[in-house]
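Trainee: Could you take me through one part of this protein slowly? I'd like to pick a single helix and see who its neighbours are.

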Amino acid sequence: MKLCMIGTGYVGLVSGVCFADLGNDVICVDNNVDKINQLTKGKIPIYEPGLSELVIKNYKNKRLNFSTNLKKSVNDSDIIFICVGTPTKKGGYTADLSQIYSVAKEISSSINKFKIIVTKSTIPVTTGDEIEKILSKKNSKKKFSVVSNPEFLREGEAIRDFIYPDRVVIGSNDKKSNRILKNLYNPLISKGASYLSTSRRAAELIKYASNAFLATKITFINEIANLCEKTGINIEDISIGMGLDKRIGSRFLRAGPGYGGSCFPKDTKAITATADKFKTDLSVIKSVIKSNKNRSNLLLNKVYKILNKKIKNKKITFLGVTFKANTDDMRDSPSLTMIPALSKKGAIITYYDPTGFKKEFSKIKNVYNSNTIKNSLDGSDLVIIHTEWNDFKSLNFKNLAKRKKFMIYDMRNIYFPKKIQDQGFKYYSIGR
Ligand code: NAD
């Protein structure tokens, strides 16, 4: 099969290279010339464990290639995967589908033989119908089929998630396309992935409903953690106790600084906007969005309390600033709210992140990047563990820091409170 991935970001690049590794010919297209140039030189524009090796291997084997020429790449391929971004429209909750429709128009004038056009991007229900309308303007319906195949990979675990997914969802009413796609995914299905064939609209909605549900689970446990803090209960006990119920399950029940990243924030908003359009009120998800938005402020208030409301000139260290570990993705990370707010109150902030300097903070007053954990702790009054990188999980703060009087606010509950307190540090965490 000749495959074309349009959009070479977290989803397009990872799924493209994994399809190539499974023996397909793959061309990854992007309109970002710099990104494509980097990739052809073996440089990976994103941080994703294991990705670099796989890209280099498959590029050398000539199963994987990169291009900025969409027309030629579509012409040469049998299956076209649309993997462009679907961010939130400015000033609202709706998904901005301009990248999707612009790509659909470009594909529309490049169809030379039967093509399966697959949407891997997360798109609101009925977007596939709109893509079909765009393609029909220039092409007979016999020349193409529009299929929804939502992607469920997680950044930081993307390759493993792609190769060993829980499920492969194919949304199409066209039997031929369904068969071809099932064949394409057969190596994963035969290894145990569940396969669900459904309607295109159902596949589109499954993705949003799944993300909204996971965001709800996170927000739910965060609110329970607030109650634990007031009642002297350890949230970890509650998470374990709840998770032992098979109907609930233990995953996504870890209290923390609130969900962030490139998917949950925008997808929870977009599903409520879609529901509003169809005159349905998704009140649970709307509450989740509100609660998660408040979460950064709630945690900031705790920071103010820890510092006795004297923030001016206080030195605060952030360990990790990405929204989760094993990714360089800063989109909607809670640190993007917390760091500017603390800077505004006069704090001096140093951050260390294993993925390095972040341009997002370059214009914020008194925010500095440090290249080592040790240097980032220098002179600190308060250390905030913001992201659960393994690098932070067994630090000996006493040996690392010159000045040993700082306090620690562990927003990921990485440490056992007693262990840190025994080292002589004042330690705060979430829901315990
Ligand atoms: P991304 O921003 O990393 O990548 C999108 C790429 O599309 C960019 O490189 C951009 O330059 C390119 N692009 C935009 N317009 C183009 C055009 N006209 N022609 C060619 N290339 C174009 O986005 P992402 O994180 O990979 O997400 C893509 C989609 O997948 C989104 O809908 C997202 O919701 C969904 N998704 C993301 C994840 C994730 O973990 N990131 C997981 C599952 C699903």
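**Helix H6 and its surroundings**

Mentor: Let's start from the inside face: the buried residues of H6 pack against H5, strand E5 (115-119), strand E6 (144-148) and helix H10 (200-231). Keep in mind that this is a predicted model. Which residues of H6 are the buried ones? They are Thr127, Gly128, Asp129, Ile131, Ile134 and Leu135. Have a look at the spacing in that list. An α-helix has 3.6 residues a turn, so residues three or four places apart point the same way.

Now take the neighbours one by one, beginning with H5. Helix H5 covers residues 98-108 and helix H6 covers residues 127-138, and their axes come within 9 Å. How do the two run relative to each other, roughly parallel or roughly antiparallel? The axes cross at roughly 30 degrees, and angles under 35 degrees count as roughly parallel, so H5 and H6 are roughly parallel to each other. The crossing of these two helices, H5 and H6, is right-handed. On the H5 side, the contact is made by Ile100, Tyr101, Ala104, Lys105, Ile107 and Ser108. H6 answers with Thr127, Glu130, Ile131, Ile134, Leu135 and Lys138. You've already met some of those: Thr127, Ile131, Ile134 and Leu135 are among the buried residues of H6.

Next comes H10. The axes of H6 and H10 come within 8 Å, and here the crossing is at roughly 130 degrees. That makes H6 and H10 oblique to each other. Which residues make this contact? From H6 it's Thr127, Gly128, Asp129 and Glu132, and from H10 it's Arg200, Arg201 and Glu204. Thr127 is worth a second look, since this residue is listed in the contact with H5 and also in the contact with H10. Gly128 and Asp129, which touch H10, are on the buried list for H6 too.

Now follow the chain onwards from H6. Lys143 sits in the loop between H6 and E6. Is Lys143 buried or partly exposed? Its relative accessibility is 33%, so Lys143 counts as partly exposed. Setting aside neighbours within four places in sequence, Lys143 is in contact with Ile111, Asn112, Lys113, Phe114 and Lys115. If you compare Lys143 with Val118, the two are 25 residues apart along the chain, and their C-alpha atoms are separated by 14 Å.

One of those contacts of Lys143, Phe114, leads to a nice detail. Lys176 lies over the face of Phe114, at 4.0 Å from the ring centre. You can find another arrangement of this sort elsewhere: Lys345 lies over the face of Tyr304, at 5.1 Å from the ring centre.

While you're looking at rings, a search of the whole structure finds 14 aromatic pairs. One of them is Tyr59 with Phe66, a tilted pair with 5.7 Å centre to centre and 40 degrees between the planes. In that pair, Tyr59 is partly exposed at 28% relative accessibility, whereas Phe66 is buried, with a relative accessible area of 7%. There's also an aromatic cluster, formed by Phe19, Phe81, Phe162 and Tyr185.

To come back to your helix: H6 is roughly parallel to H5 and oblique to H10, and the buried residues of H6 pack against both of these helices as well as strands E5 and E6.

Key
Residues numbered from 1 in each chain as written. Predicted model: local features only at pLDDT ≥ 70, side-chain atom pairs only at ≥ 80, totals over all residues. Heavy atoms only, no water. Phe/Tyr/Trp six-rings, centres within 6.5 Å; stacked < 30°, edge-to-face > 60°. Buried < 20%, exposed > 50% of the residue type's maximum accessible area, 1.4 Å probe, protein only. Lys NZ or Arg CZ within 6 Å of the ring centre and 35° of its normal. Axes fitted to C-alpha atoms, helices over the stretch in contact; angles between N-to-C directions. Helix = DSSP H or I, 4+ residues; strand = E, 2+ residues; numbered from the N terminus. Parallel < 35°, antiparallel > 145°, perpendicular 65-115°, else oblique. Left-handed = near helix turned anticlockwise from the far one by under 90°. Contact = heavy atoms within 4.5 Å.
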